[in-house]
Amino acid sequence: MNKEVNTDIVRPKQIPRRAFAAIAGEKLIELIIRLSGVSAIIFVLAIFFFVFREALPIFFSDHFDLFKFLFNTQWYPTSAVNVRYGTFALTVGSISITFLAMLIAVPFGLGSAIYISEFCGPKQKESLKIIIELLAAIPSVVWGFIGLTVMSRMIISITGAPVGVNLLNGGIILALMSVPIIVSISEDALKAVPDSYREAALALGATRWQIVYRVLLPAAKNGLLAAVLLGVGRAVGETMAVLMATGHAVQIPHGLLDSVRTLTANIAAELGEASVGSDHYHVLFLTGVLLFLLTFAVNLTADFVIRGIRRK
Amino acid sequence: MTGASTQVFNLTIRSAINLVLIALLMFTGCQKKSDEQKEEKQVTTIQVKGSDTLVNVAQAWAEQYKKVAPTVDVEVSGGGSGVGIAALLKGTIDIASASRNMKQEEIEAAKRNTGKDAKNFTIGYDALAVYVHKDNPMNEISLDQLAAIFSEGGETTRWSQLGVTIPGAGEDEIVRVSRQSSSGTYEFFREHVLQNKDFKLGSRDMNGSKEVVELVGNTKTAIGYSGMGYATPSVKKLSISSKAGEPACSPTVENTFSKKYALARSLHIYTMGEPTGAVKQFIDWILSVPGQKILEENGYVPATAAN
Amino acid sequence: MADAIDPATRFAKTDFVIRKERIQAISKALFLIMVVIMIIPLLSIIAYLVYHAMPSLNWEFLIEAPKKGMSEGGIWPAFVGTLYLVVISLAIAAPIGVFAAIYLNEYAKENWFNRIIHLAVINLAGVPSIVHALFGLGAFVYAAQFGYSIISASLTLAIMTLPVIIASTREALASVPASFREACWNVGATRWQTIRAIVLPNSISGILTGIILQVSRAAGETAPIMFTGAVFYKAVARGELFPYYLNEQCMALSMHLYTISTQVPNVKESIPYATAVVLLCSVLVVNASAIALRVWLRNHKKW
């Protein structure tokens, strides 16, 4: 007894055992929290590392030439006589389908966002937002199925095109898929414009349309741009829907009714059948690196644009 | 915020955590239980991987074999003949299915990797049929014409060049329907029709044999190739002659079996070394009457058709 | 000037105002039409799917295994496989996601490092699903030697869906007023005690919403599991509850829809439609419950 009291006096700062356990527990849980916090960075780096690692051996292959990889239209990964890895037609496919999708989705997305944010009452607004959210939840393979069955029949009967799975089909499907993200982000951007702007314009006798056109659009233009960029990001990266709806032909499209193949669909179609460790396998991973960098750039730009508004 | 409501929330969070834990426990518990059950019954899993042509047959076998031998689970994946054989060489699967013969370097690699010889079982025959839309008046085509349509640098791009007018089709341009570049069917067509030359770019490269036939069935001006088992009422199989003017042969069971039909091929499954136990029983069953009947029902020609 | 206006017409609309109002009405109608054009075709497409699926939509379809070369029968093995993938990926992603959100909202200060974390989360959400598939194949199937298995597929799905949980948990945490935390700190509680006793209980519904959204996302994805653990067919008995081992491959609903609509010949016409409808409905029901939870939460908010 005496001894214990003594030590207490000598070391008055000693912590009771229970508290010690609590502090240790707290330290542990904080460690876990901090680790989870950095996990996102670890995962992004890991994705890049592993995809790049599998792509790397292709640079030492005889058949590979980076310039041709980027700018040649001939994609013959399994040719018996002359193997060629040119992804240009695939890149053009991705770009054209994204462009078409945005051509449809941007006006409709922005228009819907404006209507939801400025023109309708709170009840209607709530239900529209819920519908948009449910729209965003439809799985891409279901979209692909819709493209393959419903949409392709419609396109054949309306346009008389010989094949229903084509650029137009994929573009419409992708547009419907990226509209929800454009709507929800542009609506946020419009909401972020201070009400005092609207009030000032109203006081000057402006109508709603004039407010939208003269005040809101200029004030929210960065946010709207970011919304479009994120829509682009979604469209470029989409896989299953375009795999099933675009017709999957390696060619540079000359019209809306031509079939195309995209970078993503190409990986999805061929990865399962490329034997591990072959040049073909490594090239597909390199296409993955390309896609990763592309979407990385788009997302980063979108974020900087959004951040630009917050600073202001 | 009152203490009571904090408590309510604390209860919520605790019960949520408990729920998750219980769910996990149930999950692992039942997992274990089914483990035990499986051990009692000595369940074995046979993994089959390979040819897309055979994947539907393999699936039908797996389904039926479960009734014959309830303690054997058969797992089926596609991927292509080459992928199946590569996996077999690595020892990750039990049976590789292939719509082509094993290549010399693959046989050597097998010997090197495992010290065993790959054992081949010819389980049936297939004919690669050339499909057109049912309204297409064409009935036969020669291999040269096919090559001119499909190969890189081939001259034929319009039906009129073949002397064909398709009733009710606005366009004249041939819509080529092909397969993605690593499938066994694609390689077979390239070897036997295009003489190993490359395909013309711009063909619609479908992911499945069924998709090819379906697209051809929906497109009046289309031509495509796929296994003979995939025919539907909206398409027509063409007879094939080796040169224009020579007698054409249609993809029927007899012509396939006698190899008179130019695009006939044999279907194989491979194992590493002599199969034993459950795998042997499964293969024996495949080669027996019920197994071969399933193959036939899927539109292929049984290996035992001559007997 | 004002004197020149006739008192009778002083408050009448001038041509300018009439035109202005007409433009206003037209623009409103135009935007409304845009919304309608976006929604109506979609609803009709879904109705079309359901209509074609009708002949197969029944209880038997759900719990029966595929028969006759997958051209008949049901979708049970695929349905259970999706459940396996969702539950396991959830068990991996939920703790990491919630803790990461706690870090970002409660611990992180405004500095360059946390800015990078923020960017990483955004990019993780933006990486195309096929790149996740490549990653899963390279990292889990080959590098970690899990092989093609449920565990590889679930890990890939977990990483892919992590940003969903992080984003909504973070939002839920941020909606707890700072004054709550300050009050708790003032009575001597540590950071973690405050989080456990005040912040988490007050944001639990929001966190659950995020987790539910993760489930719906994971259930619908195809590309990431196609190359990591989803199999074309596996023999599973009708209604068997635990047919898979974790180191084996499984069937999945999304993958099943893809294979039967592109690969399997002579499928009964209503089956792909019914599969699509089951997948769509499961995802939408899960999502709707998240929305319902959120609405409930907003109506019961005490501050």
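# Reading the domains and folds of a predicted complex

Modeller: Let's start in chain B, where the C-alpha centres of domain 1 and domain 2 lie 28 Å apart. Keep in mind that this is a predicted model.

Biologist: Into which residue ranges is chain B divided?

Modeller: Domain 1 of chain B takes in 43–125 + 265–302, while domain 2 of chain B covers 126–257. Domain 1 is thus written as two segments, so read both when you select it in your viewer.

Biologist: How many residues of each domain are in contact with the other?

Modeller: On the domain 1 side of chain B there are 17 residues, and they are in contact with 17 residues of domain 2 of chain B. Several elements each supply at least two residues of that domain 1 side: helix 2 (52–68), helix 3 (81–90), strand 4 (118–133) and strand 11 (264–272) of chain B. As for chemistry, the side of domain 1 of chain B that touches domain 2 has 9 polar, 5 nonpolar and 3 charged residues.

Biologist: And what does the whole of chain B hold in helices and strands?

Modeller: Chain B has 12 strands and 10 helices. Of its 307 residues, 47% are buried. Among contacts in chain B with a separation of 6 or more, 73% are between residues 24 or more positions apart.

Biologist: Which backbone angle should I look at for B:Gln195?

Modeller: Look at phi: B:Gln195 has a positive value of about 50°, although B:Gln195 is not a glycine. B:Gln195 sits in the loop between helix 6 (184–192) and strand 7 (204–206) of chain B. B:Asn196, also not a glycine, has a positive phi of about 70°, and B:Asn196 is likewise placed in the loop between helix 6 and strand 7 of chain B.

Biologist: Why does B:Gln195 count as exposed?

Modeller: The idea is to count C-beta neighbours inside 10 Å, with 12 or fewer meaning exposed. B:Gln195 has 12 such neighbours, so B:Gln195 counts as exposed. B:Asn196 has 13 and therefore counts as partly exposed.

Biologist: Is C:Val80 buried or exposed?

Modeller: The cut-off for buried is 20 or more other C-beta atoms within 10 Å. C:Val80 has 22, so C:Val80 is buried. C:Val80 lies in helix 3 (residues 76–107) of chain C. Sequence and space can then be set side by side: C:Val80 and C:Val236 are 156 residues apart in sequence, with 9.9 Å between their C-alpha atoms.

Biologist: What is the radius of gyration of chain A, and what does the globule rule give?

Modeller: Begin with the secondary structure, which in chain A comes to 13 helices and 2 strands. The radius of gyration of chain A is 27 Å, whereas the globule rule gives 20 Å for 312 residues, so chain A is more spread out than a compact globule. The C-alpha trace of chain A spans about 100 × 70 × 35 Å along its principal axes. Buried residues make up 50% of chain A. Of the contacts in chain A between residues at least 6 apart in sequence, 71% join residues at least 24 apart.

Biologist: What ipTM and pTM does the predictor give the complex?

Modeller: The complex gets an ipTM of 0.89 and a pTM of 0.87. For chain C, the mean pLDDT is 88, and 96% of its residues reach 70 or more. One general caution: where pLDDT is low, the predicted coordinates should not be read in detail.

Definitions and conventions: Residues are numbered from 1 along each chain as its sequence is written. Chains are lettered from A and ligands numbered from 1 in the order in which they are written. This is a predicted model: local features need pLDDT of at least 70, side-chain atom pairs count only at pLDDT 80 or more; totals for chains, interfaces and linings use all residues. Helices (H or I, at least four residues) and strands (E, at least two) are DSSP runs, numbered from the N terminus. The radius of gyration is taken over C-alpha atoms; the globule rule is 2.2 Å times the number of residues to the power 0.38. Two residues are in contact if their C-beta atoms, placed from the backbone, lie within 7 Å. pLDDT is the predictor's confidence in each residue, from 0 to 100. Ala, Val, Leu, Ile, Met, Phe, Trp, Tyr, Cys and Pro count as nonpolar, Asp, Glu, Lys and Arg as charged, and the others, Gly among them, as polar.
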